[in-house]
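Let's take a walk through this structure together, going from its sheet and helix to a few individual residues. Have the 3D view open and ready to turn as you read.

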Amino acid sequence: MIKDDCIFCKLANGVFPTNKIYEDDDFTVILDASPANRGHSLILPKQHADNLFELEDEVAAKVMPLAKKIAKALTEELNCDGINVVQNNGPCAGQTVFHFHTHIIPRFNDDGIGLNWSHKEVNDDDQAKLASALSERCGG
């Protein structure tokens, strides 16, 4: 499904011009119009899904191999020192456009981009209980 009021549906399906770097039957990859760094790219599925939870499993399975391909090309072209692969779900996680997308961000030493967080203290008993509960939910 393509949503008429979704800007990323329109970008992914060629309604608006982009700086496209890759396209196949399922995805369009473009350079971000408001990048964190030179080469910052967005993997956009052509079919609409608000977030990871709505993305079809068959499409989701193709995201990481595509991210790897794009990251390799960016690394070769830009000689970057690293790559961030970022995918946000929900406003509190930083999602601002509600069409699933994955950021591929080239990183350079001392580029000043902050994607870090502070680490929380954990209780071993709580961790064990949580792992058990999640294992049940995940079927493993």
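Which strands do the buried residues of H2 pack against? Before the answer, please keep in mind that this is a predicted model. The buried residues of H2 pack against E1 (20–23), E2, E3, E4 (82–86) and E5 (102–107). They are Val59, Val63, Leu66, Ala67, Ile70, Ala71, Leu74 and Leu78. Their spacing makes sense if you recall that an α-helix has 3.6 residues a turn, so residues three or four places apart point the same way.

Now look at the helix as a whole. H2 covers residues 57–78, which makes 22 residues, and the distance from its first C-alpha to its last is 32 Å, close to the 32 Å expected at 1.5 Å a residue. Along the way there is a kink of about 25° at Val63, shortly before the proline Pro65. Val63 is also among the buried residues of the helix. Just after H2 ends, Asn79 adopts a positive phi of about 50°.

Turn next to the sheet underneath this packing. It is an open sheet of 5 strands, with antiparallel pairing and the order E1-E2-E3-E5-E4. E1 and E4 are at the edges and have a single partner strand each, so one side of each lacks a neighbour in the sheet. From one strand to the next, the twist averages 15°. For a closer look at one pairing, follow E4 and E5, which run antiparallel and are joined by 5 bridges. There, Val86 has His103 in E5 as its bridge partner. H2 lies across E1, E2, E3, E4 and E5, and runs at about 20° to E5.

With the framework in place, we can turn to charged side chains. Side chains of opposite charge can pair when their charged atoms come close. How many salt bridges does a search of the whole structure find? The search finds 5. One of the pairs is Lys62 with Asp26, whose closest N and O atoms are 2.6 Å apart. Lys62 belongs to helix H2 and Asp26 to the loop between E1 and E2, so this pair ties together parts that are 36 residues apart in sequence. Lys62 is partly exposed at 40% relative accessible area, and Asp26 is partly exposed at 25%.

Another salt bridge joins Lys20 and Glu23, again with closest N and O atoms 2.6 Å apart. Lys20 is partly exposed at 46%, as is Glu23 at 40%. Both take part in a network of salt bridges that also includes Lys46.

A third pair, Asp111 and Arg107, meets at 2.9 Å, N to O. Here Arg107 counts as buried because its relative accessibility is 18%, while Asp111, at 23%, counts as partly exposed. These two residues lead us to Asn37, in the loop between E2 (27–31) and E3 (41–45). Apart from its close sequence neighbours within four places, Asn37 is in contact with Arg107 and Asp111, and also with Ile105, Pro106, Phe108 and Ile113. With 16% relative accessibility, Asn37 counts as buried.

Let's finish with Glu121, in the loop between E5 and helix H3 (124–138). Is Glu121 buried or exposed? At 80% relative accessibility, Glu121 counts as exposed. Between Glu121 and Ile21 there are 42 Å in space, C-alpha to C-alpha, and the two are 100 residues apart in sequence.

Conventions: Residues are numbered from 1 along each chain as its sequence is written. This is a predicted model: local features need pLDDT of at least 70, side-chain atom pairs count only at pLDDT 80 or more; totals for chains, interfaces and linings use all residues. Side-chain values use heavy atoms; hydrogens and water are left out. Helices (H or I, at least four residues) and strands (E, at least two) are DSSP runs, numbered from the N terminus. Buried means under 20% relative accessible area, exposed over 50%, partly exposed in between (1.4 Å probe, protein chains only). Contact means heavy atoms within 4.5 Å. The expected span of a helix is 1.5 Å times one less than its number of residues. The bend at a residue is the angle between axes fitted to the seven residues ending there and the seven starting there. Two strands pair if DSSP finds at least two bridges between them. Axes are lines fitted to C-alpha atoms, for helices over the stretch in contact, and angles run from 0 to 180 degrees between N-to-C directions. A salt bridge is a side-chain nitrogen of Lys or Arg within 4 Å of a carboxyl oxygen of Asp or Glu.
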